[in-house]
Amino acid sequence: MSDASTPSDGDGRRPRDRPRVAFFDFTGCEGDQLQVINLEDRLLDLVEVVEVVSFREAMTDHSDDYEIAFVEGGVATGHDERRLTQIRKNADVVVALGSCAAFGGINALRNDQDFETVKERVYGEDADSITSYPTARPIGDVIAVDYEIPGCPIDREEFVQAVTALVNGAEPSIPNYPVCLECKFEENTCAFERGETCLGPITRGGCSATCVSAGTHCWGCRGMVDHPNEDAYTDVLEAQGLTTEEVIEEYQLYWGWQREQRTVADGGNRPVADDEQRPLGDGGDR
Amino acid sequence: MSHTIDVDGDLVTRVEGHGSIVVNVDEGELETCEWQVVESPRYFESMLVGRSFRESHHVTSRICAICSVSHTIASLQATEAAMGVSVSEQDRRLRKLALYGETLQSHVLHLGYLALPDLVGEKSVLPLAETHPDELETVIDLHRLGNELTEVVTGRSVHAQRLLPGGFSQLPEERELETLLDRLLNSWDAVAELADLLAVLADELPAFERETEYISLTHPEEYAFTEGTIYSSDVGEIPVSDYRDVANEYVVEHSTAKFARHERDSYMVGALARFNNNAEQLAPRAADIADRFGLDAPVHNPYLNNVAQLVEVAHLLAESVRLIEALLADGLAPQSNYHVPEIDPTAGRGIGAIEVPRGVLFHEYAYDDAGEVTEANCVIPTNQNHGNIQRDMETLVPTIVEQPEDDVKHTLEMLVRAYDPCISCSTHYLDVEFVGEVA
């Protein structure tokens with residue numbers, strides 16, 4: 001790992017034995033990269049199997065020569081969008097890291113608010129000087145994404161497993177069962193039985209029901225299971241006399257983008273017309 | 001020997017550039033000197049509108065992962081103040097412990113992962129595994145200890161779950177606190193090793209001084225973090241209710257991040273401001289480190305913010321020991337593992353003010369009588385420091401323009417890094433580019 005941060009030798013094609021990996025952050029809190037740093041000494045094992053060429057939270061060096069790009073955060077400006085397009089060109093594999101990148105996450109909480117009001121609330125009389133897109137979007141709405149590792153923040157073990165799979169030429173696998181299944185294994189008292197509403201029945205598992213285990217309820221941070229109507233943990237919902245749609249409406253913290261997608265007839269890809277997605281002004285650039 | 005220096009961070013074409021220094025020197029005359037910060041707006045203050053008082057802290061935790069416990073606690077304080085909710089002494093101690101853990105983690109991340117590689121001539125912390133394995137082990141161990149503190153108290157270190165309005169959903173077990181106490185008591189060698197390492201760095205720091213206004217919280221009985229009133233080195237104590245007059249935010253043409261000023265053009269928050277305002281309340285072990293580095297309040301060299309962070313690392317460890325001993329001596333009051341503190345939502349307005357790794361943080365919310373947010377305001381530390389970085393640069397650059405451009409660049413980068421600008425709250429990758437010819 002002596003050359004862990006050595007830039008490419010110029011032709012960008014020198015012999016290598018480890019995949020070159022880069023981390024990027026867009027609009028978000030950078031908690032997913034922090035989870036990677038929080039691997040502590042296991043981070044050193046990680047760099048035995050991959051060569052990290054860019055990781056702003058932990059290194060000052062940077063190279064555009066990489067095979068795997070882990071991208072954290074969502075898309076909020078034209079600058080974000082152009083950077084992302086370049087990363088897609090550079091990388092063989094793009095992995096969305098965390099919920100904002102994977103499916104919009106908490107950034108999209110503002111998506112159903114009137115954008116002029118949003119700007120005015122935050123920037124007051126300077127609102128006109130702010131340029132950003134009227135909605136926050138996941139990176140998959142701008143570029144093709146090969147894999148997603150959801151979570152707010154990501155689960156460290158899931159990240160390690162995904163890297164291991166990629167290094168071995170396998171496909172990272174993310175569960176498509178609801179949080180409830182893992183919650184049973186954790187022997188938690190069901191949040192519904194405690195009189196709370198929980199998103200566990202329709203939220204993608206893989207987190208060991210961390211929030212219920214901490215004494216609260218599932219907030220939906222890993223996004224919905226692939227097909228909420230079929231894949232949900234219906235036992236719990238039926239016992240509570242709730243429908244999937246009712247639960248989806250109960251909390252809206254992480255699902256702003258996903259809810260928009262569901263409202264589009266025939267499962268279309270975009271919630272609003274293209275021209276609404278154009279940047280105001282120059283889109284966040286200067 | 002006059003020459004032209006043009007330091008320009010080109011934000012459009014530089015993929016990581018969100019914070020840039022632009023310095024233009026023409027024939028020895030300083031023409032432009034700007035600290036430019038472009039933030040990618042996330043609109044949290046708007047996102048909060050319409051959310052329940054049971055969700056506010058969950059949402060604002062996502063402002064910044066490195067400071068997620070900090071934002072959570074400031075948020076809870078604002079909500080509790082708005083609804084007149086009191087928090088038990090035990091829970092206030094536990095919150096303090098969680099915040100100390102996060103601040104420890106953040107300071108060690110900055111000192112060990114960012115400053116230390118510079119010191120030993122590496123571009124990242126990773127090569128240290130071969131060149132400085134023992135030192136790296138020390139850094140990782142202290143970083144892990146900070147995270148463990150937060151995890152034991154709040155369930156996890158990033159976006160903690162157990163912190164709720166009015167208290168905790170779940171408490172740590174006493175045996176977990178006992179284990180943690182042992183870990184803390186055995187950490188002093190690691191702190192000494194980190195201090196030895198940084199002692200070398202301290203000699204490399206520029207001898208630049210510029211007195212400014214230093215703003216922090218202050219508390220009569222302790223080195224303030226979670227409780228206290230605002231203190232300005234210029235005018236003394238200021239009630240928290242006047243925070244908007246202190247963090248007087250304004251917009252500058254060259255940045256989208258807000259700047260702030262109070263009595264002067266700019267002020268400084270963070271470890272050095274806390275040290276300057278409250279140094280006499282440091283734990284003895286922390287005061288010893290300050291002595292070793294010759295840090296004697298008030299310190300006017302912003303580069304020494306790094307050293308103040310090291311001093312705080314020692315203070316936070318010592319205070320964590322004291323807090324855990326007190327918690328264990330009193331015993332934890334039993335509660336359910338799914339506790340929901342009872343709160344009748346009422347309309348009102350409340351402010352949370354706490355010291356977080358990079359300085360004083362304010363959250364203010366107004367709620368309606370259904371307990372939904374009608375208005376929110378968050379003032380983060382890094383934005384309060386932008387103006388001070390700008391003024392430092394304006395004072396510093398004319399004294400170094402005759403130096404080679406690489407040196408000018410390095411000195412300015414170090415200045416910005418010394419402030420440890422929060423990488424996600426506002427400023428991003430520092431990017432400096434020379435495009436002009438230099439004699």
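This passage looks at confidence in chain A and then at the domains, one helix and one sheet of chain B. The model is a predicted one.

Confidence in chain A comes out at a mean pLDDT of 84, with 86% of the residues at 70 or more. Among the elements of chain A, strand β4 (residues 93–97) does best, at a mean of 98, while helix α11 (residues 244–250) sits at the bottom with 82. Two stretches are another matter. Residues 1–15 of chain A stay under 50, and the model gives them 26 contacts beyond four places in sequence. Residues 265–286 of chain A are also below 50, with 34 contacts in the model beyond near neighbours in sequence. Where pLDDT is low, the predicted coordinates are not to be read in detail, so contacts in such places are best taken loosely.

Turning to chain B, the chain splits into domain 1, made of 5–41 plus 392–431, and domain 2, which covers 44–386. Their C-alpha centres are 27 Å apart. The two domains do touch: 22 residues of domain 1 of chain B and 26 residues of domain 2 of chain B take part in the contact. On the domain 1 side, β3 (29–37), α13 (381–400) and α14 (405–418) of chain B are the elements that supply two or more residues. Of these, α14(B) gives the most, namely five residues. By type, the domain 1 side of this contact holds eleven nonpolar, six polar and five charged residues.

Helix α11 of chain B (residues 284–292) has a clear inside and outside. Ala286(B), Ile289(B) and Ala290(B) are its buried residues. Viewed down the axis of α11(B), they fall within an arc of 100°, so they line one face of the helix. That fits the usual helical repeat: with 3.6 residues a turn, residues three or four places apart point the same way. The buried residues of α11(B) are covered by, among others, α8 (188–204) and α12 (305–330) of chain B. On the face turned away from the buried side, Pro284(B) and Asp291(B) are exposed. After α11(B) comes Gly294(B), with a positive phi near 70°.

Chain B also has an open sheet of four strands, in the order β8-β7-β6-β11 and with mixed pairing. The edges are taken by β8 (236–238) and β11 (267–268) of chain B; each has a single partner strand, so one side of each lacks a neighbour in the sheet. The partnership of β7 (residues 229–232) and β8 in chain B is antiparallel and runs over three bridges. Here Tyr231(B) stands opposite Glu237(B) of β8(B).

Definitions and conventions:
Residues are numbered from 1 along each chain as its sequence is written. Chains are lettered from A and ligands numbered from 1 in the order in which they are written. This is a predicted model: local features need pLDDT of at least 70, side-chain atom pairs count only at pLDDT 80 or more; totals for chains, interfaces and linings use all residues. Domain bounds come from an automatic or database domain assignment. Two residues are in contact if their C-beta atoms, placed from the backbone, lie within 7 Å. Ala, Val, Leu, Ile, Met, Phe, Trp, Tyr, Cys and Pro count as nonpolar, Asp, Glu, Lys and Arg as charged, and the others, Gly among them, as polar. pLDDT is the predictor's confidence in each residue, from 0 to 100. A residue is buried if 20 or more other C-beta atoms lie within 10 Å of its own, exposed if 12 or fewer, and partly exposed in between; C-beta atoms are placed from the backbone. The arc is that of the directions from the helix axis to the C-beta atoms. Two strands pair if DSSP finds at least two bridges between them.
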